[in-house]
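Here are some notes on one strand and one helix, to be read with the structure open. Please find each residue as it is named.

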Amino acid sequence: MSAAEKILPGLEKYARLFEPLKLGHTTIKNRSIMGSMHTGLEELPDGFDRMAAYYAERAAGGVGMIITGGIAPNEEGGMVMRDKDGNRLFAASKLSNDEEAAGHSTVTKAVHDAAPDCKFVMQILHMGPLAYNDAPVAPSPVKSRIGAFAPTEMDEAGIEKQIADHAECARLAKQAGYDGVEIIGSAGYLLSTFLVEKTNQRTDQWGGSYENRMRFPLEVAKRCRETVGDDFIIIFRIAAMDMLQGGMSWDEVAELSRELEKVGVSIISTHFTWHESAVPTIATMVPRAAFTSVTARVRKEVSIPVITSNRINMPHVAEEVLERGDADLVSMARPMLADSQFMNKAAEDRADEINTCIACNQACLDHTFGGKTTSCLVNPRACHETLLKYEPTDNPKAIAVIGAGPAGLAYATTAAERGHKVTLIDAADEIGGQFNLAKLVPGKEEFYETVRYYNKMIEKLGIELRLNTRADADMLSEAGFDHVVVATGITPRVPDIEGIAHEKAVSYVDVLKGKKPVGKRVAIMGAGGIGFDVADTISHDGPSGAMDIDVFAKEWGVDFKNHPRGGVTGIEPEVASADREIFLMQRKDTNVGKGLGKTTGWTHRLTLQRRGVKMLNGIEYRKIDDAGLHITANGKPDILEVDTVIICAGQEPLRELHDALDAKGVSVELVGGAYEAAELDAKAAIKQASELASQI
Ligand code: NAP
Ligand code: SF4
């Protein structure tokens, strides 16, 4: 540590986080790790250059170690898509030859040039039964609940090939300039399927007893170590609590950890799920640092360092984890996607300037699993560093931004960062717009952080903020702004239904803000993201699981203390429902909730099902009157005798101000919901506004 670094105030405040870790032949400069996340850049034609920019920016941001997204050691371990004639359409990144190693060295060079003291580690990911290719392999021909194909059972030669390919991949990673590899032995990928009886039904030396089931992962780790020598980091990622009914017992987890140390693994990383398990482990409804007590138990079993992860998204949370002695290192993958300067800001005691990951998964994992390039809802530059640049302007303008919701805030802060003089005007008495509604939903408390971040940025960037101010076209045209950005957002849609003005009918806005009472029998009209949020809010009883780990454990049936097999075996979730009968409805005949996020939608659907919310599709609304809501369901008329009908029927754009300014010849543009309300969410609003503000 240099003398200059020593005086940074954050280094004392987060003393544990900034403590170097001696690791055999080398030292990790602090306890932070940017964990592995597939970005989708790996497969693009200019992927190595884009990855170089993406990782180098994060290395320069002060993190101690970066672990890449998963790279397959061979074709059968990854994704290969072909057309009907057998031509390759797409192949996920692998590392099995010198040419591929040369590509990786572009990235390792960029990272080490940006921060020579940042360790750069490549994850070796063999997907096993979750691989998408012509010949996926596994210990036994057991198709995963979420896999595309039944894998082929490997014979002795096949097993030897996989071990050898892992070792060769590690050797090539060293050749490419990485400081180490992480071998993934969790999540339902190849190595983990050897460990669990339901996926390993072999009776030879690779199956049966636990000693035999551990043999393959241990052999992979051992051969990698023999191949790369002692001066190379090997991290092994275990499923410390796999969340599978009948999954690994605590004793098995402990034994595996001890054996991994014996075969030369440098660091154990604790992971907490298989992709097919039915407990959320990283979504926003998971409490911060929920799983670190499990890591703490692993740490007691070994003398090598142990990494913890999951929902650790601010420096003080990481510091508390380290202070408790739960782990030696803290992995924060999504938080570094959201803010590449996370650790520099912590070091300078500027944590209030961190653009906090809200654990929404909307632009990262939803994109990854949807085959799109990864990005971040709160930071659209993530993985787009070479395309979206916030460069200083050489033509500063006086810009008025009307509306301090997601789009207006993103535009105002991006334009101000580039050197424009920005005035931000909102009729409300606080910034945030729709964020202020979202943060009221149980499990979405992280939105408070986004509002905090923007408040701080407004102050730091010298944006003139005028709250409680309703801007009109006359005022704006006379004020002499060079450009006006209308981010006035949306107004809730009022469906054209007989009786819509009846006192039973209320808007979701009034319900979420607690301005209107909600009865015991409720119909929710509209089952988009907001319909689900409202159903969650009014069906919920007691404290939010996101804020209370005991509530979360009960809701999802997890026993952190006794660690039965998988942490979940034999535990029934305990549902704390509000005393209400709720109907959640849509007109479409698709499954209710189909449009929700790919990686989180199931948690919302399952939560509401467990609370007894009735989800109805193919509904026609006829009228609302004293009797309730009159509908037609499956061609049959019916009356839902409800006390309250909550309208969650989407939004309409608010564009009047734009049109009036345009008519006066003012330079004006629309952003966010005011531009396009349909399908609009914070992700689209922030992205569009940031892109426009990067160009003015
Ligand atoms: P939305 O997702 O567009 O859903 C609107 C709902 O209203 C649909 O169920 C639609 O279904 C119904 N609807 C539309 N027009 C109607 C009409 N005239 N009469 C009756 N029903 C009508 O909009 P939203 O729920 O308001 O959400 C707004 C945005 O925020 C969306 O983009 C959403 O994805 C986002 N959001 C996301 C999350 C999240 O967790 N990811 C949470 C909240 C909001 P039918 O047309 O089939 O009836
Ligand atoms: Fe975090 Fe959401 Fe960004 Fe993913 S998209 S990194 S979950 S804020």
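The points below start with the strand and then turn to the helix.

1. The model is predicted. Please keep that in mind when reading the values that follow.

2. Strand E10 covers residues 180–185, and 6 of its 6 residues are buried, so the rest of the structure largely encloses this strand. Gly180, Glu182 and Ile184 point one way, while Val181, Ile183 and Gly185 point the other way. In a regular strand, side chains alternate between the two faces of the sheet. Residues pointing either way from E10 are buried.

3. Which strands pair with E10? Strand E7 (residues 119–124) runs parallel to E10 and is joined to it by 4 bridges; here Met122 stands opposite Val181. Strand E11 (residues 233–239) also pairs with E10 in the parallel sense, over 6 bridges. Within that pairing, Ile184 has Arg237 of E11 as its bridge partner.

4. Helix H7 has 19 residues, 210–228. At 1.5 Å a residue H7 should span 27 Å, and its end C-alpha atoms lie 28 Å apart, which agrees. H7 nevertheless bends by about 35° at Phe216, with a proline, Pro217, following within four residues.

5. What do the buried residues of H7 pack against? They pack against helices H5 (156–175), H6 (190–195) and H8 (250–262), and against strands E10 and E11. Among these buried residues are Tyr210, Met214, Phe216, Leu218, Val220 and Val228. Asn212, Arg213 and Arg225 are also buried.

6. Just after H7 comes Gly229, which has a positive phi of about 80°.

Note on methods. Residues numbered from 1 in each chain as written. Chains lettered and ligands numbered in written order. Predicted model: local features only at pLDDT ≥ 70, side-chain atom pairs only at ≥ 80, totals over all residues. Heavy atoms only, no water. Buried < 20%, exposed > 50% of the residue type's maximum accessible area, 1.4 Å probe, protein only. Helix = DSSP H or I, 4+ residues; strand = E, 2+ residues; numbered from the N terminus. Pairing = 2+ DSSP bridges. Expected span 1.5 Å × (residues − 1). Bend = angle between axes of the 7 residues up to and from the residue. Contact = heavy atoms within 4.5 Å.
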